[in-house]
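Student: I'd like a close look at one part of this model. Pick a spot where pieces of the chain pack together, and walk me through it.

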Amino acid sequence: MVLGVLGCLLAPVALVAVWLHTQVADTDRFVETMGPLADDPAVRAVLTDRVTDAVLADLDVRDLADRTVDALADRGLPPGLASALHGLAGPLESGVRDFAHARIAGVLAGDRFAATWDGVLRVAHRQAVTVLTGTGPARDVVLDLAPLAGAARQRLADAGLETTGRQPTITVAAGDVLARARTAYSLLEALAGWLPWVTLGLLAGGVALAHRHRRAVVASALGVAAGLVVLAAGLAVGRGALAGSVAPDAHDAPPEAA
């Protein structure tokens, strides 16, 4: 009885340790798990908005239109016509944004987007592991959307709209939080190699020593199932946190110097 209870109590810890070792610590598995977020329409919509805002950050269509009309007015454009043209600056700005947004949405819906997104996740995962293992400084982990912005600028340039803008980045984890998790991460990584076997041994021992083997098997199975539920919930929370971090209030990095 005691062995079975200990096995059930350790099962969630063993499962988390194995999951951490095979999923979180492994870049390929992490990307395989988180990559499907790219198929989420809500995630794509927010990414499209973020890249559009960044690409058009330095393009003030309204100001450009107003200055052009003022220059024409100085050259003799009738005041009434100048006023009417000033009134078109707002719709023109909206039209340019809609134009750019549609083209960028096309980039994110293209065949190459999934591969680009996987690359973005790989870079972010390496940043996180570096902080968790203490092999690098406690910097924030960010999704660097520069590859998406570059493809978007090229698509707009092909359509006749040259832009510079900024490099969009999205912070997904604070460096100081990950730094505080280093001890737990290292401990779970160390446990992943042997704790599952100890847990299985305890469960098997509990069943073997129980007076009612069938009842012990059912109880052990329920305990392990509860551990699986906890692990699945943790994975769902992790995916949700990553999806939720793709938010409109993320910061953009300035454009890189040529």
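Tutor: Start with the whole chain: among contacts with a separation of 6 or more, 83% are between residues 24 or more positions apart, a contact being heavy atoms within 4.5 Å. Bear in mind that this is a predicted model, where local features need pLDDT of at least 70, side-chain atom pairs count only at pLDDT 80 or more, and totals for chains, interfaces and linings use all residues. Residues are numbered from 1 along each chain as its sequence is written, and side-chain values use heavy atoms, with hydrogens and water left out.

The chain holds 12 helices and three strands, taken from DSSP runs (H or I of at least four residues for helices, E of at least two for strands) and numbered from the N terminus. Of its 258 residues, 34% are buried, which here is under 20% relative accessible area, with exposed over 50% and partly exposed in between (1.4 Å probe, protein chains only).

Now for the close-up: H2 against H7. Helix H2 covers residues 27-34 and helix H7 covers residues 113-132. Their axes come within 9 Å of each other and cross at roughly 130°. That angle makes H2 oblique to H7, since under 35 degrees would be roughly parallel, over 145 roughly antiparallel and 65 to 115 roughly perpendicular. The crossing of H2 and H7 is right-handed, meaning the near helix is turned clockwise from the far one by less than a right angle.

Which residues meet there? H2 brings Thr27, Asp28, Phe30, Val31 and Met34, while H7 supplies Trp117, Asp118, Leu121, Arg122 and His125.

Look at Leu121 next, one of the H7 residues that meet H2. Leu121 is buried, at a relative accessible area of 1%. The C-alpha atom of Leu121 is 9.2 Å from that of Val142, and those two residues are 21 apart along the chain.

Asp118 is another H7 residue in the H2 contact, and it leads us to Pro36. You'll find Pro36 in the loop between H2 and helix H3 (41-55). The C-alpha atoms of Pro36 and Asp118 are separated by 9.3 Å, although these residues are 82 apart along the chain. Pro36 is partly exposed, with a relative accessible area of 38%, whereas Leu121 is buried.

Follow that loop onward and you get to H3, which is where Val51 sits. Val51 counts as buried, at 0% relative accessibility. Leaving out residues up to four places away in sequence, Val51 touches Ile104, Leu145, Leu148, Ala149, Ala152 and Pro168. Take Ala149 from that list: its C-alpha atom and that of Val51 are 5.8 Å apart, across 98 residues of chain.

One last stop, away from the H2 and H7 pair, is Trp194. Trp194 lies in the loop between helix H10 (182-191) and helix H11 (195-209). With a relative accessible area of 46%, Trp194 is partly exposed. The C-alpha atoms of Trp194 and Val18 are separated by 9.7 Å, with their positions 176 residues apart along the chain.

Note on methods:
Axes fitted to C-alpha atoms, helices over the stretch in contact; angles between N-to-C directions.
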